[in-house]
Amino acid sequence: MSSARTARTARTVVAAALAAGLTVTALAAPALAAGPAAPAKQDHAATQAALRAAVDAGVPGAVAQARVDGRAWTGTAGERGGDDRYRVGSITKTFTATVLLQLQAEGRIDLDDPVEKWLPGLVRGNGHDGRKITVRQLLNHTSGVYSYTEDPGFQQKVFGPGFLEHRYDTWNPRDLVGIATSHAPEFAPGTSWSYSNTNFVLAGLVIEKVTGRPYGKAVENRIIKPLKLRATSVPGTRVNVPSPSSPAYSTLGGEPSAPVHDVSALNPSLAHAAGEMISDSADLQTFYRALLKGRLLPKAELRELTTTVPVSAEYPEFRYGLGISWQKLSCGTEIWGHGGGIHGSTSEAYTTRDGRHTLAANINADWTGDTQAVVEAEFCGTLPKK
């Protein structure tokens with residue numbers, strides 16, 4: 001699946017860790033100031049070439065939309081429509097984190113609260129201890145909590161051949177946490193960084209405890225409706241992607257030559273607040289531009305959102321904030337956003353810090369295709385390698 005693809009560069013290695021959020025698998029410091037975007041290729045020829053390269057590599061269809069100073073462009077390749085909706089996977093994490101920051105701004109929660117305060121007794125077992133983990137550490141992946149998507153049994157049932165039998169199963173988020181705590185933590189809270197989907201399942205449960213309603217209702221009322229994101233939804237247990245959309249395809253963890261399956265229909269409760277949402281490229285750009293320009297958060301909370309921690313000393317061009325990543329591209333342009341991977345769908349959504357240049361892209365496959373090349377093409381004008 002997407003995280004198992006061979007990485008072409010060190011940049012792709014870490015990007016895959018962020019994008020792979022829901023596929024088989026990636027010390028607070030001030031956020032680095034975002035520099036000005038490199039001059040954009042107004043014809044977006046490199047971006048279109050990257051979409052075509054993905055299709056040439058075996059992806060059935062690819063789509064990207066970009067906006068530069070208000071001017072919109074849409075590109076497609078293969079079997080895709082420019083307005084297609086798709087599962088955005090771990091891009092959901094930015095929505096989840098934004099809601100928690102809003103609740104903090106309202107004085108209803110402090111991100112430095114221990115998880116135990118809101119979810120008593122849930123994060124326990126095999127060395128996990130919710131009394132020593134803060135909500136902030138969930139959002140920046142420094143909690144050390146094991147990722148339930150790494151559990152071999154879960155992988156076989158949900159990402160492997162067992163998917164065809166279990167694709168419509170409903171997963172209780174507390175059971176997903178239980179899978180995680182059946183394993184030892186990755187490290188002591190606050191001592192390192194490791195991408196864990198369990199962190200954001202817990203974050204969603206915290207939202208529910210604070211608000212008394214499903215976390216998805218908070219996302220809808222606080223983000224989707226105010227921004228008029230008409231293609232964006234939190235599906236819960238709804239198995240289909242609304243039209244317009246294209247099929248999603250997967251080899252279910254097999255080699256690229258393995259049989260390809262249509263995996264469009266699935267019960268997204270397997271992802272919960274870590275990656276269940278559906279959107280399109282226009283809405284994702286609207287969301288990230290509004291977020292980084294301060295329309296969704298007060299200045300203090302926006303600073304917290306963009307206060308980053310290192311992902312790895314080996315990859316200083318990648319850092320992680322609260323449900324959002326920062327990266328410096330090969331041309332020096334700095335962008336904020338997130339990648340997302342779920343069955344048959346790999347997405348990227350990014351903006352420059354000033355919101356002047358945005359991109360959202362998706363390919364409807366999870367075993368091939370280089371979405372990071374689409375990002376480099378749009379923000380740097382870099383043609384894909386042949």
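Which strands does helix α13 lie across? Helix α13, residues 371-380, lies across β1, β11, β12, β13 and β14. Its direction makes an angle of about 155° with that of β14. Please keep in mind that this is a predicted model.

Now the sheet itself. The sheet is open and has 8 strands, in the order β2-β1-β14-β13-β12-β11-β10-β9, and the pairing is antiparallel. At the edges stand β2, residues 71-78, and β9, residues 309-310. Each of these has a single partner strand, so one side of each is left without a neighbour in the sheet. As background, strands of a sheet pair through backbone hydrogen bonds, either parallel or antiparallel.

For one pair in detail, take β12, residues 334-342, and β13, residues 345-352. These two are joined in the antiparallel sense over 8 bridges. Within this pairing, W336 stands opposite T351 in β13.

Back to α13, and what follows it. P384 sits in the segment after α13. Is P384 buried, partly exposed or exposed? Its relative accessible area is 22%, and buried would require under 20%, so P384 counts as partly exposed. Setting aside residues up to four places away in sequence, P384 touches A46, A49, A50 and A53. The C-alpha atoms of P384 and T47 are 8.6 Å apart, although 337 residues separate the two along the chain.

Next, the nonpolar cores. The largest one has 80 residues, and F95, L100, F154, F287 and L291 touch the most other members. Which helix gives the most to this core? That is α9, residues 197-211, with 8 residues. As for F95, its contacts beyond four places in sequence are V219, I223, L229, T232, M277, L284 and F287. There is also a second, separate core of 25 residues, which includes A50, Y249, A361 and A365. A50 came up a moment ago as one of the residues that P384 touches.

Last, α9 and its contact with α8, residues 173-181. The two helices pack at an angle of about 145°, and their axes are 10 Å apart. Their crossing is left-handed. On the α8 side the contact is made by P173, R174, L176, V177 and A180, and on the α9 side by T198, V201, L202 and L205. By type, the residues of this contact divide into 7 nonpolar, 1 polar and 1 charged.

Methods. Residues numbered from 1 in each chain as written. Predicted model: local features only at pLDDT ≥ 70, side-chain atom pairs only at ≥ 80, totals over all residues. Heavy atoms only, no water. Core = buried A, V, L, I, M, F, W, Y, C linked by side-chain atoms within 4.5 Å. Buried < 20%, exposed > 50% of the residue type's maximum accessible area, 1.4 Å probe, protein only. Helix = DSSP H or I, 4+ residues; strand = E, 2+ residues; numbered from the N terminus. Contact = heavy atoms within 4.5 Å. Axes fitted to C-alpha atoms, helices over the stretch in contact; angles between N-to-C directions. Left-handed = near helix turned anticlockwise from the far one by under 90°. Nonpolar A, V, L, I, M, F, W, Y, C, P; charged D, E, K, R; others polar. Pairing = 2+ DSSP bridges.
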